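This report describes selected features of one protein model and its ligand. The strands are treated before the loops and the ligand site.

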Amino acid sequence: MKTIPLTLPGDASISRSLLDCSPQELTDVVNALPAGKKRANGKAAGVPAYRIRQIQEWIYKKYARSFDEMTNLPQALRDGLAATTTLTPLKPVTQRVSKAGDTLKVLFQMPDGETVEAVLMLYNRRRTLCISSQAGCAMGCTFCATALGGLRRNLTAGEIVAQVLFFARYLSDAAEGPKMRVKRPTTVTNIVLMGMGEPMHNYKNVWTAIRRLTAADGFALGARHITLSTVGLIPMIDRMADEGLQVNLAVSLHAPNNDLRSKLVPPSRRYPVDDLLASVRRYIAKTNRRVTFEYALMRGTNDSPALAEDLADKLQGILCHVNLIPLNPIPDSPFQPTSDKDTQRFANILLARGISTTVRIRRGIEIDAGCGQLRNAAAS
Ligand code: SAH
């Protein structure tokens, strides 16, 4: 299946996404509408603040799909917004539910034809959404499917938020397909920035999105329910420590020494393991927040008992949790997943050394729900 662009980049027919607007920008958009009230001198009278609040409520609390639903707005305003703006900048082009009915993966197409993935995972009490921050990725991790095509472009803040609203609409409406093993209406409870892209390489837009997702007049999700995962761009970890929001930090470590890590995660050449761990210590000193280290276990590469011991040495005294991830095998890759037995052996060494450790349950392998795989499957 080839991805066919809907419109060309920069095409004037692409309507402006209201999800890219701050409350002030939303006000400007509304005031610029031809239907807006004019004073005698022809200047816009200015929309009342409560109208802007109503529109935000429709978008972020009632998850409106269209302006028609916004029944407490004057018809002229609804028509004006519908003619020039959009609430749905992402079009779902592929949707797959896992056999167990607990994982839904969606491939979205953006107005310029680029595609990104997001995955909804249902747990007992949580409904966790894994979203993308970039189309493609520039980091080049050698075991990752997203790395294969390189970076296409950054997502806008609105495109990041749009992924969340798509699933919020789905979860709030029992009539919306496809079917999953979940009682609806319900809502998104957790968001992880672990889809395509490196969130710290698109820092500004990612944080604009996080602010809108946590704002009381936005999606209003608690910051503690959001996790940002990074390859470890040190200056950005320091910057995140100053954001003043309790968003969780996860660092994709994958190896305890820099020789090995640089082969798996190329940015490690510029930001070596020991410097990275020093930045994590600074982050914890400032925020008092526990940090997660992700470690994808690859057979014969980074899964030996000796490396588990080295990892435990490196993490001593750091307020952290280790998430061991069985590798998602990707086609034609030299890397294979570690066996369950060796995964447990690795976990046991960390646990014996007093490091809080869990093995992440694999989800949705048969629907290509790992790490850029759906996009690659769709392009072949
Ligand atoms: N760029 C960010 C976030 C996206 S990737 C980061 O690197 O953290 C989210 C996680 O999936 C990272 O820990 C990444 O290393 C891991 N990952 C990538 N490809 C994988 C694969 N094939 N199997 C298991 N985990 C993978």
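In this predicted model, β3 and β4 form a hairpin with five residues between them. Within the turn, glycine 101 has a positive phi of about 75°. The two strands pair in the antiparallel sense, and six bridges join them. At one position of this pairing, arginine 96 stands opposite lysine 105 in β4.

The hairpin belongs to an open sheet of 10 strands with mixed pairing, in the order β3-β4-β5-β6-β9-β10-β11-β12-β13-β14. Its edge strands are β3, residues 91-97, and β14, residues 357-359, each of which pairs on one side only. From one strand to the next, the twist averages 20°.

Elsewhere in the sheet, strand β12 (residues 291-297) and strand β13 (residues 320-326) pair in the parallel sense over seven bridges. Here histidine 321 in β13 is the bridge partner of threonine 292.

Helix α4, residues 157-172, packs on the sheet. The strands that α4 touches are β3, β4 (103-109), β5 (115-122), β6 (127-130) and β9 (190-193). The direction of helix α4 makes about 130° with that of β4.

The loop between α4 and β9 contains proline 178, and proline 185 lies in the loop between α4 and β9 as well. Each proline follows a cis peptide bond: the bond from glycine 177 to proline 178 has omega near -10°, and the bond from arginine 184 to proline 185 has omega near 5°.

A further backbone feature is found at asparagine 288, in the loop between α8 (273-287) and β12. Phi of asparagine 288 is near 65°, a positive value in a residue other than glycine.

Which residues are closest to the ligand? They are Gly197, Ser229, Ser252, His254 and Asn328, among the 17 residues that surround the ligand. By class, this shell has eight nonpolar, seven polar and two charged residues.

Three contacts between ligand atoms and N or O atoms of the protein are listed below.

| Residue | Part of the residue | Ligand atom | Distance |
|---|---|---|---|
| Glutamate 198 | side chain | nitrogen | 3.0 Å |
| Serine 229 | side chain | oxygen | 2.6 Å |
| Asparagine 328 | backbone | nitrogen | 2.9 Å |

The ligand has 540 Å² of accessible area on its own, and the protein covers 95% of that area. Serine 229 and asparagine 328 thus appear both in the table and among the closest residues of the shell.

In summary, the model combines an open sheet of 10 strands, helix α4 packed on that sheet, cis peptide bonds before proline 178 and proline 185, and a ligand surrounded by 17 residues.

Terms used: Residues numbered from 1 in each chain as written. Predicted model: local features only at pLDDT ≥ 70, side-chain atom pairs only at ≥ 80, totals over all residues. Heavy atoms only, no water. Near = heavy atom within 4 Å. Polar contact = N/O pair within 3.5 Å; in protein donor to acceptor, adjacent residues only side chain to side chain. Areas by Shrake-Rupley, 256 points an atom, 1.4 Å probe, with all protein chains shown as cover. Nonpolar A, V, L, I, M, F, W, Y, C, P; charged D, E, K, R; others polar. Pairing = 2+ DSSP bridges. Helix = DSSP H or I, 4+ residues; strand = E, 2+ residues; numbered from the N terminus. Axes fitted to C-alpha atoms, helices over the stretch in contact; angles between N-to-C directions. Contact = heavy atoms within 4.5 Å.
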